[in-house]
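Me: Please take a close look at the nonpolar patch. I am new to this structure, so a connected account would be welcome, with each term explained where it arises.

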Amino acid sequence: TFTEDMSLEAKEMLTKLTEYIKIVRARLGDTIPMTIYFSLVNCFLGDVKEKLPLALASSRSNLELDDGEATGLGGKTSFESMSPDKLLEEEPDVAEKRKRVEKILMRLLKAEREIG
């Protein structure tokens, strides 16, 4: 009958809509972390492109004096004279930014688990 056909169509439409929503949730769950990762990588690359030339220029201009003269050959650059621990030390503003980003990442991962 007519009402049974309408009921079957409504059930079929509900099933298709439910499957569509599952697919959209899965795609969003994949897209959001990828977008965040892409943004972080681009931000990092921007910082490196900006700070690396300045650091290299600074290391060349800060040569140690050998016998009262800056030779550029026998002298050590500021990087060479620093301990490995000091070279690996993270700047305070960078550490704070990393901690903030890690907190955001943890919240997003938690949200992803709850959605999925």
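Reply: Helices are DSSP runs of H or I with at least four residues, strands are runs of E with at least two, and both are numbered from the N terminus. The model is a predicted one, in which local features need pLDDT of at least 70 and side-chain atom pairs count only at pLDDT 80 or more, while totals for chains, interfaces and linings use all residues. Residues are numbered from 1 along each chain as its sequence is written, and side-chain values use heavy atoms, with hydrogens and water left out.

The setting of the patch comes before its details. The protein contains four helices and zero strands, and its elements follow the order α-α-α-α from the N terminus. Of its 116 residues, 3% are buried (under 20% relative accessible area; exposed is over 50%, and partly exposed lies in between, with a 1.4 Å probe and protein chains only). The accessible surface (Shrake-Rupley method, 1.4 Å probe, only the protein chains shown counting as cover for residues) amounts to about 10300 Å² for the protein. Carbon and sulfur atoms account for 63% of that surface.

On this surface, eight named side chains can be picked out as the patch: Leu17, Tyr20, Ile21, Val24, Leu28, Ile32, Ile104 and Leu108. Together these residues offer about 700 Å² of accessible area. To belong to a patch, a residue must have over 30% relative accessible area and no salt bridge; nonpolar side chains (Val, Leu, Ile, Met, Phe, Trp, Tyr) are joined within 5 Å, and like charges within 9 Å. Two or more members of the patch come from each of H1 and H4. Helix H1, which spans residues 2-61, makes the largest contribution, with six residues. Helix H4 covers residues 92-115.

Which helix holds Tyr20? Tyr20 is placed in helix H1, and Tyr20 counts as exposed because its relative accessibility is 53%.

The two helices that supply the patch also carry charged side chains that pair with one another. A salt bridge is a side-chain nitrogen of Lys or Arg within 4 Å of a carboxyl oxygen of Asp or Glu, and the whole structure has four of them. In helix H1, Glu19 is bridged to Lys22, with 3.6 Å between the closest N and O atoms. These two residues stand three positions apart in H1, about one turn of the helix. Glu19 is itself partly exposed, its relative accessible area being 40%.

Arg98 takes part in two of the pairings described here. With Glu90, the closest N and O atoms of the bridge are 2.9 Å apart. With Glu102, the N to O distance is 3.2 Å. Arg98 and Glu102 are four residues apart in helix H4, and therefore about one helical turn separates them. Glu90, Arg98 and Glu102 are thus joined in a network of salt bridges. Each member of the network is partly exposed: Arg98 has a relative accessibility of 34%, Glu90 has 34%, and Glu102 has 38%.

To draw the picture together, H1 holds six residues of the nonpolar patch, including Tyr20, and H1 also contains the pair Glu19 and Lys22. H4 likewise gives two or more residues to the patch, and H4 contains both Arg98 and Glu102.
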